[in-house]
Amino acid sequence: MTNVAIIGTEKSGRTTLAANLGKKGTSSDITLYNNDKEDVKLAFVDSHSYPKTLKSLVTALNIADMAILCIPPQGLDAHTGECIIALDLLGYKHGIITLTRSDSTHMHAIDELKAKIKAITAGTALQDWECISINTNKSAKVPFEGVEELKAKIHAMAEKIAAEQAELNSLPARVFIDHAFNVTGKGCVVLGVVKQGISRDKDKTKIYPMDRDIEIRSIQSHDVDITEAPTGTRVGMRLKNVQAKDIERGFIISDKEIVSTDYTLECTLSKFTRKVETASVLHLFVGLESEPVRVEKILVDGQEVKEAKPGTTCVLELSGNKKVAYSKEDRFLLANLDLTQRFAAYGFSK
Ligand SMILES: Nc1nc2c(ncn2[C@@H]2O[C@H](COP(=O)(O)OP(=O)(O)OP(=O)(O)O)[C@@H](O)[C@H]2O)c(=O)[nH]1
Ligand SMILES: [Mg+2]
């Protein structure tokens, strides 16, 4: 099963495209659209609250294994740039760029836009992503131009992703929770995605950062009961020994996670940010969690410094207020919400 994030600037055609590719499901600051009609089951995540919130964008990307970046004919605005920077800082492997609303532009302009995209994505994680022109307008001269081609490309990519996911099945199970609620007569239900390993019905495991013993009562995928959920599966789970009101987005079902309020991260700053200074406040993202943190200390080559410059590497010591669960291999993103281009850095726990 492949989860696909649909991202882009305002009015880039994200929601129309998502609605075209799947059936609307859960909605909060992201909306899920499911397609279980074909062999390869797909879930599309519309990051509809972006650009207002970065959380919507980062959540969609961290739920998904593949991204569709929608770029409208108006082209490369600040938010399109910010999305490209987010994908690059995440080292996002799989994705497709769609030039949306092709019926409201012309070939010459599309070619020009493609050339510009090629130039600005050179050297980033997106440099080899295919760029296809589409529309989702049934009254267009060429209605739904490119949509079948896009679906074929998604399926081809989903096969590659399935092979990668299969390799992760031997790892300990980790489920990232994105929604939690109470269902009368059923108790605590969470929605999320199996990020690695195989999660099984009746597993006795834990929920983090609570560090509490729980049991998985039952698992559903696409509304069908299943006994085991391999890596990549979008699941609904009933949990025993925990209440929905105590669960937040980003909680992890797993046997073991690191839990902390403070972090020491080996960071690489984006070239497209300002300097990072001690005592400043950044926004931290890891998995599906996010929270503000204060920069306590900056180390460059082991020496304490007052600031770190764009495009450089450093160690950041950060302090936050709430407990966050993560693992050593999880990639952190840091953002400065006061800037126009908000993403500042990525890093890994030292
Ligand atoms: N002509 C044409 N209009 C489109 C196409 N796709 C979307 N639109 C229109 O463009 C507008 C924006 O599309 P949405 O799908 O809402 O785009 P979005 O990125 O979700 O927009 P926001 O969430 O509001 O930022 C809507 O009025 C759509 O009807 C297309 O392929 N062709
Ligand atoms: Mg929308």
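This is a guided tour of a predicted model, going from its domains to single residues.

Begin with the whole protein chain and colour it by domain: domain 1 covers 2-168, domain 2 covers 174-254, and domain 3 covers 258-349. If you then keep domain 1 and domain 3 in view, their centres, taken over C-alpha atoms, are separated by 27 Å. The contact between these two domains takes 13 residues from domain 1 and 14 residues from domain 3. On the side of domain 1 that touches domain 3, select α2 (54-63) and α3 (78-89), which are the elements giving two or more residues to it. The residues on that side of domain 1 divide into 8 nonpolar, 3 polar and 2 charged.

Next, select the residues of the largest nonpolar core, which has 97 residues, and look for those with the most contacts inside it, namely Val-4, Ala-5, Ile-6, Ile-7, Val-45, Leu-61 and Ala-67. Ala-5 is a useful place to pause: leaving aside residues up to four places away in sequence, Ala-5 touches Val-45, Ser-47, Ala-60, Leu-61, Ile-63, Ala-64 and Ala-67.

Now move to ligand 1 and show what surrounds it, which is a set of 16 residues, the closest being Gly-13, Thr-15, Thr-16, Asn-135 and Asn-137. Helix α1 (residues 14-21) gives the most to this shell, with 3 residues. If you colour the shell around ligand 1 by class, you will find no nonpolar residues, 11 polar ones and 5 charged ones.

From there, turn to Lys-11, in the loop between β1 (2-8) and α1. Lys-11 has a positive phi of about 55 degrees although it is not a glycine, and this deserves a second look because most residues other than glycine have a negative phi. As for its surroundings, Lys-11 has 13 other C-beta atoms within 10 Å, so it counts as partly exposed.

A second residue of this kind is Asp-301, which is not glycine and has a positive phi near 50 degrees. To find Asp-301, select the loop between β20 (289-300) and β21 (303-305). Is Asp-301 buried or exposed? Asp-301 is exposed, because 8 other C-beta atoms lie within 10 Å, and the cut-off for an exposed residue is 12 or fewer.

The backbone has further points to inspect, this time at prolines. Select Tyr-50 and Pro-51, where the peptide bond from the one to the other is cis, with omega near 10 degrees; Pro-51 lies in the loop between β4 (42-46) and α2. Then select Tyr-208 and Pro-209, whose peptide bond is also cis, with omega near 5 degrees, and note that Pro-209 lies in the loop between β11 (204-208) and β12 (212-221). These bonds are worth examining because most peptide bonds are trans.

Finish with strand β8 (residues 174-183) and strand β9 (residues 187-196), which pair in the antiparallel sense over 9 bridges. Within this pair, His-179 stands opposite Leu-191 in β9. The two strands form a hairpin with 3 residues between them, and in its turn Gly-185 has a positive phi of about 85 degrees. β8 also pairs with strand β16 (residues 252-254), again in the antiparallel sense, over 3 bridges. To see one of these bridges, select Val-175 together with its partner in β16, Ile-253.

Conventions:
Residues are numbered from 1 along each chain as its sequence is written. Chains are lettered from A and ligands numbered from 1 in the order in which they are written. This is a predicted model: local features need pLDDT of at least 70, side-chain atom pairs count only at pLDDT 80 or more; totals for chains, interfaces and linings use all residues. Domain bounds come from an automatic or database domain assignment. Two residues are in contact if their C-beta atoms, placed from the backbone, lie within 7 Å. Helices (H or I, at least four residues) and strands (E, at least two) are DSSP runs, numbered from the N terminus. Ala, Val, Leu, Ile, Met, Phe, Trp, Tyr, Cys and Pro count as nonpolar, Asp, Glu, Lys and Arg as charged, and the others, Gly among them, as polar. Two strands pair if DSSP finds at least two bridges between them. A nonpolar core is a set of buried Ala, Val, Leu, Ile, Met, Phe, Trp, Tyr and Cys residues joined through C-beta atoms within 7 Å. A residue is buried if 20 or more other C-beta atoms lie within 10 Å of its own, exposed if 12 or fewer, and partly exposed in between; C-beta atoms are placed from the backbone. A residue is near a molecule or strand if its C-beta atom, placed from the backbone, lies within 6 Å of it.
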